[in-house]
Amino acid sequence: MAGSYIVYGQKGTGSVPVEATLHLLGEPYRVIERIPEESPGQGDLTAEAMARINPMAQVPALGLPDGQLMTESAAILIHLADSHPASRLAPALDDPMRPAFLRWMTFIAVQIYGLIWVTDDLRRLAADESHQPVIRERVRDRIAHCWRTMDAQVDPGRYLLGDDLTVLDIYVTVVSAWGPRRERFYGDAPKMAEVVRRVDRDPRLQDLWRERFG
Ligand SMILES: N[C@@H](CCC(=O)N[C@@H](CS)C(=O)NCC(=O)O)C(=O)O
């Protein structure tokens with residue numbers, strides 16, 4: 001499918017908001033699935049092969065129709081929304097909500113998603129196996145703190161920035177399902193919980209959520 005988007009992704013990961021956005025945009029794309037175990041199917045990527053595409057060895061990465069490769073989930077989502085202005089999946093440059101949009105997209109990427117590197121494999125920071133539960137707990141407490149902080153400062157309408165669905169809503173919907181998981185998120189971020197539940201139920205996304213997000 002030359003000239004269309006290629007998502008280097010994996011079920012349940014940060015590629016899911018990218019896939020959901022492409023789906024909402026009606027853009028054709030194909031997913032090349034990273035398989036962490038050494039049992040890839042045809043067309044799948046091992047973690048090692050992924051590192052040859054994105055030297056950070058992370059998904060998501062997005063092959064653009066012009067052949068460029070993008071990494072970094074927030075940048076990818078902002079780019080997709082901005083390059084399809086009619087979709088209104090991001091506030092326009094002159095929209096008063098634009099600063100808040102950029103603020104919270106970056107907040108999620110840096111303050112929350114960045115911590116997932118630790119909890120994805122606690123051996124990365126734990127010198128000893130016995131340290132792992134403490135590190136997991138502390139990172140999850142920090143993520144919960146971030147959600148509470150964000151929730152206290154947003155004033156959602158139907159969606160986080162008003163009445164239009166944006167990629168921020170899609171991003172929060174996916175990232176809030178990771179540790180410390182939704183049960184805690186609902187308690188910590190009651191305003192955002194309403195929005196996330198609305199995005200969960202979006203009829204356009206049901207198949208994608210089921211297949212890619214479980
Ligand atoms: N800053 C990156 C983080 C991406 C990331 O952490 N991806 C995870 C999956 S959700 C991953 O591929 N981790 C493998 C690794 O870091 O080795 C982004 O926002 O896209």
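**Exercise 1.** Determine whether glutamate 33 is buried or exposed, and describe its surroundings.

*Solution.* Glutamate 33 has a relative accessible area of 14%, and because buried means under 20% relative accessible area, exposed over 50% and partly exposed in between (1.4 Å probe, protein chains only), glutamate 33 counts as buried. The model is predicted, so that local features need pLDDT of at least 70 and side-chain atom pairs count only at pLDDT 80 or more, whereas totals for chains, interfaces and linings use all residues. Residues are numbered from 1 along each chain as its sequence is written, and side-chain values use heavy atoms, with hydrogens and water left out.

Next, place the residue: glutamate 33 belongs to strand β2 (residues 29–35), where strands (E, at least two residues) and helices (H or I, at least four) are DSSP runs numbered from the N terminus. Leaving aside residues up to four places away in sequence, glutamate 33 touches Gly9, Gln10, Lys11, Asp44, Leu45 and Arg212, contact meaning heavy atoms within 4.5 Å. Finally, a polar atom of the glutamate 33 side chain lies 3.0 Å from the backbone nitrogen of lysine 11.

**Exercise 2.** Work out what the strand order is in the open sheet of five strands, and which strands stand at its edges.

*Solution.* The order is β3-β2-β1-β4-β5, with mixed pairing; two strands pair if DSSP finds at least two bridges between them. At the edges stand β3 (45–46) and β5 (69–71), each with a single partner strand, so one side of each has no neighbour in the sheet. The parallel strands β2 and β3 are joined by two bridges, and arginine 34 has leucine 45 as its bridge partner in β3.

**Exercise 3.** Classify how helices α4 and α5 are oriented to each other, and do likewise for α7 and α8.

*Solution.* The axes, which are lines fitted to C-alpha atoms over the stretch in contact, give angles from 0 to 180 degrees between N-to-C directions. Angles under 35 degrees count as roughly parallel, over 145 as roughly antiparallel, 65 to 115 as roughly perpendicular and the rest as oblique. For α4 (residues 98–120) and α5 (residues 132–153), the axes come within 9 Å and cross at roughly 170°, and the pair is therefore roughly antiparallel. Among the residues that meet are Trp104 and Phe107 in α4 and Trp147 and Met150 in α5.

For α7 (residues 181–188) and α8 (residues 190–200), the axes come within 6 Å and cross at roughly 130°, and these helices are therefore oblique to each other.

Notes:
Polar contact = N/O pair within 3.5 Å; in protein donor to acceptor, adjacent residues only side chain to side chain.
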